[in-house]
Amino acid sequence: MPNPASPVPAPWPAPPQPEPGCAHCADLDNRRTTAREQYDRSAETDCNVMLRRHLREVRP
Ligand SMILES: [Zn+2]
């Protein structure tokens with residue numbers, strides 16, 4: 001999957017950005033922030049996966 005936004009090869013794909021005004025995105029973003037604050041990398045990754053999947057559904 002091409003990602004023109006990142007010119008430098010990243011060790012991990014950039015985390016998905018929540019869509020403004022979407023409650024589902026805001027919920028996942030909140031959970032991701034909480035997970036990050038608790039250093040819960042697996043929960044943070046889960047949220048990224050769910051957010052990325054959700055964004056693909058609403059904005060293919
Ligand atoms: Zn959304």
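**Two helices and the segments around them**

Tyr39 is exposed, with 8 other C-beta atoms within 10 Å; a residue counts as exposed if 12 or fewer other C-beta atoms lie within 10 Å of its own, as buried if there are 20 or more, and as partly exposed in between, with C-beta atoms placed from the backbone. The structure here is a predicted model, so to speak of local features takes a pLDDT of at least 70, side-chain atom pairs count only at pLDDT 80 or more, and totals for chains, interfaces and linings use all residues. Residues are numbered from 1 along each chain as its sequence is written.

Back to Tyr39, then. This residue sits in the loop between H1 and H2, just after H1. Its phi is positive, about 55°, although Tyr39 is not a glycine. Most residues other than glycine have a negative phi.

Now for the overall picture. The protein has two helices and zero strands; these are DSSP runs, numbered from the N terminus, with at least four residues of H or I for a helix and at least two of E for a strand. Of the 60 residues in the protein, 8% are buried. Among the contacts with a separation of 6 or more, 41% are between residues 24 or more positions apart, where a contact means that two C-beta atoms, placed from the backbone, lie within 7 Å.

Helix H1 covers residues 23-37. H1 has 15 residues and runs 21 Å from its first C-alpha to its last, close to the 21 Å expected at 1.5 Å a residue; that expected span is 1.5 Å times one less than the number of residues.

How do the two helices sit against each other? H1 and H2 pack at an angle of about 160°, and their axes are 8 Å apart. The axes are lines fitted to C-alpha atoms, for helices over the stretch in contact, and the angles run from 0 to 180 degrees between N-to-C directions. H1 and H2 are therefore roughly antiparallel to each other, the label for angles over 145 degrees (under 35 is roughly parallel, 65 to 115 roughly perpendicular, and the rest oblique). On the H1 side, the contact is made by His24, Cys25, Leu28, Arg31, Arg32, Ala35 and Arg36, while H2 brings in Ala43, Glu44, Cys47, Asn48, Met50, Leu51 and His54. These residues divide into seven nonpolar, three polar and four charged. Here Ala, Val, Leu, Ile, Met, Phe, Trp, Tyr, Cys and Pro count as nonpolar, Asp, Glu, Lys and Arg as charged, and the others, Gly among them, as polar.

Glu44, in helix H2, gives a closer look at this contact. Glu44 is partly exposed, with 19 other C-beta atoms within 10 Å. Leaving aside neighbours within four places in sequence, Glu44 touches Arg32, Ala35 and Arg36 in the contact sense. The C-alpha atoms of Glu44 and Arg31, 13 residues apart along the chain, are separated by 7.7 Å.

The segments outside the helices come next. Ala14 lies in the segment before H1 and is exposed, with 10 other C-beta atoms within 10 Å. Its C-alpha atom is 9.4 Å from that of Asn48, 34 residues away along the chain. Gln17 is also found in the segment before H1, and with 11 C-beta neighbours inside 10 Å, Gln17 counts as exposed. Between the C-alpha atoms of Gln17 and Arg52, 35 residues apart along the chain, the separation is 8.4 Å. Finally, Arg59 belongs to the segment after helix H2 (41-58). Arg59 has 8 C-beta neighbours inside 10 Å and counts as exposed.
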